Amino acid sequence: MDFKYDVIVIGAGHAGCEAAAAAANLGSKTCLITMDMNKIGQMSCNPAVGGIAKGQIVREIDALGGYMGLVTDRTSIQFRMLNRSKGPAMWSPRAQCDRAKFIWTWREILENIPNLHIWQDTVEEMIVEKKQVVGLTTCWGITFYAKCIILTAGTFLNGLMHIGRKMLSGGRCAEPASYHLTESITRHGITAGRMKTGTPMRIDARSVHFDLMETQDGENDFHRFSFMSEPRKLKQLQCWTCYTNERVHAVLRSGLADSPLFNGQIQSIGPRYCPSIETKIVTFPDKPQHQLFLEPEGESTQELYLNGFSSSLPLEIQLGALKEIPCFKDVNIYRSGYAIEYDYFDPTQLTHTLESKIIKNLFFAGQVNGTTGYEEAGGQGIIAGINAHINCEGGEPFILGRDEAYIGVLIDDLVTKGVDEPYRMFTSRAEYRILLRQDDADMRLTERAYRLGLAKRDRYDALCKKKEEIERIVNFVKSYSVKAEKINDALETMGTARLTHGCKLIDLLSRPQITISSIAQYIPAFNEMLARINDRRDEIIEAAEVLIKYKGYIERERTIAEKIQRLEAIRIKGRFDYANLQSLSTEARQKLIKINPETLAQASRIPGISPSDINVLLVLLGR
């Protein structure tokens, strides 16, 4: 071993795994450095992937040739498509996974990628020469050299855990924190801060009264996370729900004096949209109950995850409060919930490739950029891995637009707006969410990934075949005429109005009561055509149906996106001395100097930049 690489990735969490796999699959000699090879892809909190907007990100990672979707499908023990009662822009896949199998599936994949080596060690120091990273040193005194380094250290940088007034250093329960690395980066002018997150206690299933809970079953239809996945192989399990009550809240309130969140022990900001149970009862004092979800941690383990009961209160308070819920009156737990504080770096110091503006060839991805969630981390990781490879080999930066992917929205938000709390993706953050559906992530991204060399030929061929089948369905319904007398009885059966005269099949499919599957049985020619689809039939029919039913909405949103895209084409970086533009507001000058946006569109998204400021820049560009 010569310890010289093209790309080194620090940390083997969800960002690190995707980053290392992407760089290596593109041809870069890559090393993934992790503290513990037995914790690769560890799900530090809930062993679940996906959810609202997060599921779309995983589909995008998969469409680009990443692995999170494949690993999730292979280890899924419950799958659900959320928001099915709403429009397809809101549909979001979510899966509960087997925690242990998730780790070993990731490790098996990584160990068999050519060009990728794994090294178990702790990084302590970045080596920077002439504002460019060239290597690193580890706690064992080993020096590595690299053309590019990607930092994906999660919650490990100066990590500090809290249970009541007890504090313990660590990056995760029973795992050491990483020291000195933050300081070796900030000494070069990069700004760091502190954030906080937490996790709930883990429950012993043998002590739970399941008969006092409501069950929540999964779905077992054709939906998967990966566009290349085979059917799920693991046993599909139930989840359960219950509620807190006023007795629970009274016990929790009795411990607030010893809560690190309220006694001044924790100063950093936690995730707004995943608050601890003590934060819930303080923020919503009039709410009599809060819903909890009990979720399995694996196919055969007794360990259960109590979603909604994250806490850093003293153990006796956590346990005492939990026992006030009837189904947990005899509960035993495996370990306490806790909070953890850790270092992150201001993401406005990055370009859209996730490369530092201050230290060349140094990339940041995941929670070190102020995000929260496995999916957000994985999305950043694959983009950082791609662009690190490009920095080594040459080529145009790989950047996804806000109208191309939730990953594009995520990264643009981070580098343009920054963060003042852990960032979590929501569908509401995307102005073009009708274009960014979970069903068409492959249609949006796989061709780009194939041209790049990350998506392989089999994936591209599957995409082309899918496109052809969808076009066949759409063209058929556009051209096929339906006679009223032959279809009216069927329309009544489906609960929709009869026809007074004939029409095209596409007009019938625009009705909400009618689906492709329901109408096809009454139109033999259509049914026969659908029957000829051999591979991924249900997926193709669903994708075609979305395009047919929401055609107007999709076209309108695409038109709006294209208008905004014109501003994306107007590059302004290096063209203005903002400090001397007195026609801009003082806030605008300060924000533009700090962010130094690449394009006029990016400038327009910076908080504090008004439309009049953008108009000033447009006028000056015209001159």
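Select Q42 to begin, in the loop between β2 and β3. This is a predicted model, and the side chain to look at here is enclosed: Q42 counts as buried because its relative accessibility is 12%, where buried means under 20%. Show what surrounds Q42. Leaving aside neighbours within four places in sequence, Q42 is in contact with H14, R99, I103, R172 and E175.

Stay in that loop and select S44, which is also found between β2 (30-34) and β3 (48-50). S44 is partly exposed, with a relative accessible area of 29%. Not counting residues up to four places away in sequence, S44 touches R99, R172, T199, R202, R335 and Y374. Draw a distance from S44 to R172: the C-alpha atoms are separated by 7.2 Å, although the two residues are 128 apart along the chain.

R99 leads to the next stop, helix α4 (residues 99-111). With 13 residues at 1.5 Å each, α4 should span 18 Å, and its end C-alpha atoms are 19 Å apart, which agrees. Colour the buried residues of α4: R99, F102, I103, T105, W106, R107, I109 and L110. Then look at the start of the helix, where a side-chain oxygen of D98 reaches to within 3.2 Å of the backbone nitrogen of A100.

Now centre on L110. Leaving aside neighbours within four places in sequence, L110 is in contact with C17, A21, L32, I40, L116 and I118. The largest nonpolar core has 110 residues, and I8 and L110 have the most contacts inside it. Helix α9 (residues 374-393) gives the most to this core, with 9 residues. In soluble globular proteins, nonpolar side chains tend to be buried together. For a second, separate core, select I470, L505, I516 and I541, which are among its 31 residues.

Next, select helix α3 (residues 68-75). How many of its 8 residues are buried? The count is 7 of the 8, so α3 is largely enclosed by the rest of the structure. Those buried residues are M68, G69, L70, V71, T72, D73 and T75.

Move on to S76, which lies in strand β4 (residues 76-82). S76 is buried, with a relative accessible area of 1%. Not counting residues up to four places away in sequence, S76 touches A95, Q96, C97, R232, L234 and Q236. For a reference distance, pick F225: its C-alpha atom is 10.0 Å from that of S76, and the two residues are 149 apart in sequence.

Helix α11 (residues 441-452) comes next. Its 12 residues should span 16 Å at 1.5 Å a residue, and its end C-alpha atoms are 17 Å apart, which agrees. Which residues of α11 are buried? They are A441, D442, R444, L445, T446 and A449. The buried residues cover an arc of only 165 degrees around the axis, which puts them on the same side of α11. Show α2 (54-63), α12 (457-479) and α17 (537-549), since the buried residues of α11 pack against these helices. Just after α11 is G453, whose phi is positive, near 105 degrees.

Two further stops concern backbone angles. Most residues other than glycine have a negative phi, and most peptide bonds are trans. H180 has a positive phi near 80 degrees and is not a glycine. Look for H180 in the loop between β11 (166-169) and α5 (181-186); with 46% relative accessibility, H180 counts as partly exposed. R536 is not a glycine either, and its phi is positive at about 55 degrees. R536 is placed in the loop between α16 (524-531) and α17, and is partly exposed with a relative accessible area of 25%.

Then select T599, found in the loop between α19 (586-595) and α20 (600-604). Is T599 buried or exposed? At 6% relative accessibility, T599 counts as buried. Its side chain reaches the backbone nitrogen of Q602 at 3.1 Å. Not counting residues up to four places away in sequence, T599 touches L567, E568, I570, R571 and I572.

Finish by colouring the chain by pLDDT. The chain averages 96, and 100% of the residues score at least 70. Confidence is lowest in helix α21 (residues 611-622), at a mean of 88, and highest in strand β20 (residues 362-364), at 99.

Conventions:
Residues numbered from 1 in each chain as written. Heavy atoms only, no water. Core = buried A, V, L, I, M, F, W, Y, C linked by side-chain atoms within 4.5 Å. Buried < 20%, exposed > 50% of the residue type's maximum accessible area, 1.4 Å probe, protein only. Helix = DSSP H or I, 4+ residues; strand = E, 2+ residues; numbered from the N terminus. Contact = heavy atoms within 4.5 Å. pLDDT = per-residue confidence, 0-100. Polar contact = N/O pair within 3.5 Å; in protein donor to acceptor, adjacent residues only side chain to side chain. Expected span 1.5 Å × (residues − 1). Arc of directions from axis to C-beta.
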